[in-house]
Amino acid sequence: MSEVRVNNLSNENNTGGPTISGITTYSSTNFFVPPQGDTASRPSSCPPGSLRFNTDSAHLEYYRGDTIGWVEVEAELTAPLGGGTGSNTGLGVRGMMFNGQTPSFSNSIRFITVSTMGGDEDFGDTTAAKANCICFGGRVRAASMGGQTTPSGSSWTDDVEMVIVASKGNSTDYATLTSNKKEGGGFSNRIRAFYVGAGYNTIEYVTISQGGDFVDFGDMSNGAEQCAAMSSSTRGVFTMNSFVPQYTSTNVINFVEMMTTGNSTDFGDMISNRFANNSGSNATRGIICNGYNPSPAGAVQNVAEFLTISTTGNTIDFGDTTQARYSSFGSCCSGTRMVIPGGYVAPSTVNTIDSFEIATTGNAVDFGDLATAAGPTSTSNGHGGL
């Protein structure tokens, strides 16, 4: 084996480096600078394992092959998760579930460990019993946004309550939406959290580290509610499944670049029109599943479809969940797994928890059961936006 000791390798124009073939060991105690570029300049058909730095997301990413494409190198969550027992003991991504119907309105906060199949556990309580809330999750915080406090349609709220994910306890006041809202859509990266829709065409956001009042970001292409949302570290993608004030179901998908401001842009279409879906993502792939299709009447769905967040286009069939259901917004995602807790099948809520392996396609598998059947809103501290 030969050994070369140098501080820098470049070509004669200093615009790049040489190609090094064979088994190569790098042993510097300092650093090396990999190739870099923005998302739009990602090369295709690279050898699997190719490495680059994405200047848009500020993340390392590697090439998984032509089917999956570029995937961010994700940080492992090694902070201890307080209070868990059984399947929820130890480290990993924590899934958070807020409020919902049981069938009465609930103030419950529950949690799971996404990497370990099993049931949920009590985390704490929100300040009021609510349903039809929307979640966002950060590395440190998770929050329940808006919702309604009674079955009356006039009881919506603008409250946003948050918890510290690593330690059990009740929620505290964190932020305020621009108006009283329910049944919208929520997504985030490490810096900003977003709320879209809720019957309006508005997009609003808050800086996660600060809380306070949400502010205007831009407009959706139409007023909508029950928006299935997901994100990478740079882009938020959301469906507009029920147009308002038309009150017609649609398959429209929009997106925004989260670190700018402005109106949303057309992304593509879902395979079918339906609303009250679950949704989630890792940094590369988003999944939309379950839901309710009003035509034919009462058509509760168990289908799942996926999209690639960094591109645009229509969704593609992924597989089926273990039980058709609707109205449990969001999901609990890690870099590899999407967990879907609970839901509603008239006239009752269900206790089903099932999961998909995001990088593959195929049907969901049983993950465990909720202690109490419910239709919560869900998030995690390890989804694709983080």
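**An all-strand chain, sheet by sheet**

The protein chain has 31 strands and zero helices. It is worth saying straight away that this is a predicted model. The chain runs to 386 residues, and 53% of them count as buried. About 16500 Å² of the chain is exposed, with carbon and sulfur atoms supplying 50% of that area. As for contacts with a separation of 6 or more, 49% are between residues 24 or more positions apart.

A good place to start is the pair made by β2 and β3. Strand β2 covers residues 51-54, strand β3 covers residues 59-63, and the two pair in the antiparallel sense over four bridges. Within this pairing, N54 stands opposite H59 in β3. In a regular strand, side chains alternate between the two faces of the sheet. Strand β3 has one covered face, made up of H59, E61 and Y63, while L60 and Y62 are on the uncovered one. L60 turns up again in a nonpolar patch on the surface, together with F32 and L51. Taken together, these three residues have about 260 Å² of accessible area. L51, which lies in β2, counts as partly exposed because its relative accessibility is 35%.

Next comes an open sheet of four strands, in the order β7-β6-β5-β31, with antiparallel pairing. The edges are taken by β7 (121-130) and β31 (377-380); each has a single partner strand, so one side of each is left without a neighbour in the sheet. Ignoring direction, neighbouring strands of this sheet are turned by 20° against each other on average. At the β31 edge, the partner is strand β5 (residues 94-98), and four bridges hold this antiparallel pairing. Here G95 stands opposite S380 in β31.

Further along the chain, β13, β14 and β16 can be taken together. Strand β13 (residues 192-197) pairs with strand β14 (residues 200-207) in the antiparallel sense, over five bridges. One of the residues involved is F194, whose bridge partner in β14 is Y205. The hairpin of β13 and β14 has two residues between the strands, and A198 takes a positive phi near 70° there. Strand β14 also pairs with strand β16 (residues 215-225), again in the antiparallel sense and over five bridges. In that second pairing, I203 stands opposite G218 in β16. Strand β14 therefore has both β13 and β16 as pairing partners, given that strands pair if at least two bridges are found between them.

Another open sheet has four strands in the order β27-β28-β29-β30, and its pairing is antiparallel. Which strands stand at the edges of this sheet? They are β27 (332-333) and β30 (365-369), each with a single partner strand, so one side of each is left without a neighbour in the sheet. Strand β28 (residues 337-345) and strand β29 (residues 348-357) run antiparallel and are joined by eight bridges. In this pair, V345 stands opposite S348 in β29.

Terms used: Residues are numbered from 1 along each chain as its sequence is written. This is a predicted model: local features need pLDDT of at least 70, side-chain atom pairs count only at pLDDT 80 or more; totals for chains, interfaces and linings use all residues. Side-chain values use heavy atoms; hydrogens and water are left out. Patches are made of residues with over 30% relative accessible area and no salt bridge: like charges are joined within 9 Å, nonpolar side chains (Val, Leu, Ile, Met, Phe, Trp, Tyr) within 5 Å. Accessible areas come from the Shrake-Rupley method with a 1.4 Å probe; for residues, only the protein chains shown count as cover. A salt bridge is a side-chain nitrogen of Lys or Arg within 4 Å of a carboxyl oxygen of Asp or Glu. Buried means under 20% relative accessible area, exposed over 50%, partly exposed in between (1.4 Å probe, protein chains only). Contact means heavy atoms within 4.5 Å. Axes are lines fitted to C-alpha atoms, for helices over the stretch in contact, and angles run from 0 to 180 degrees between N-to-C directions.
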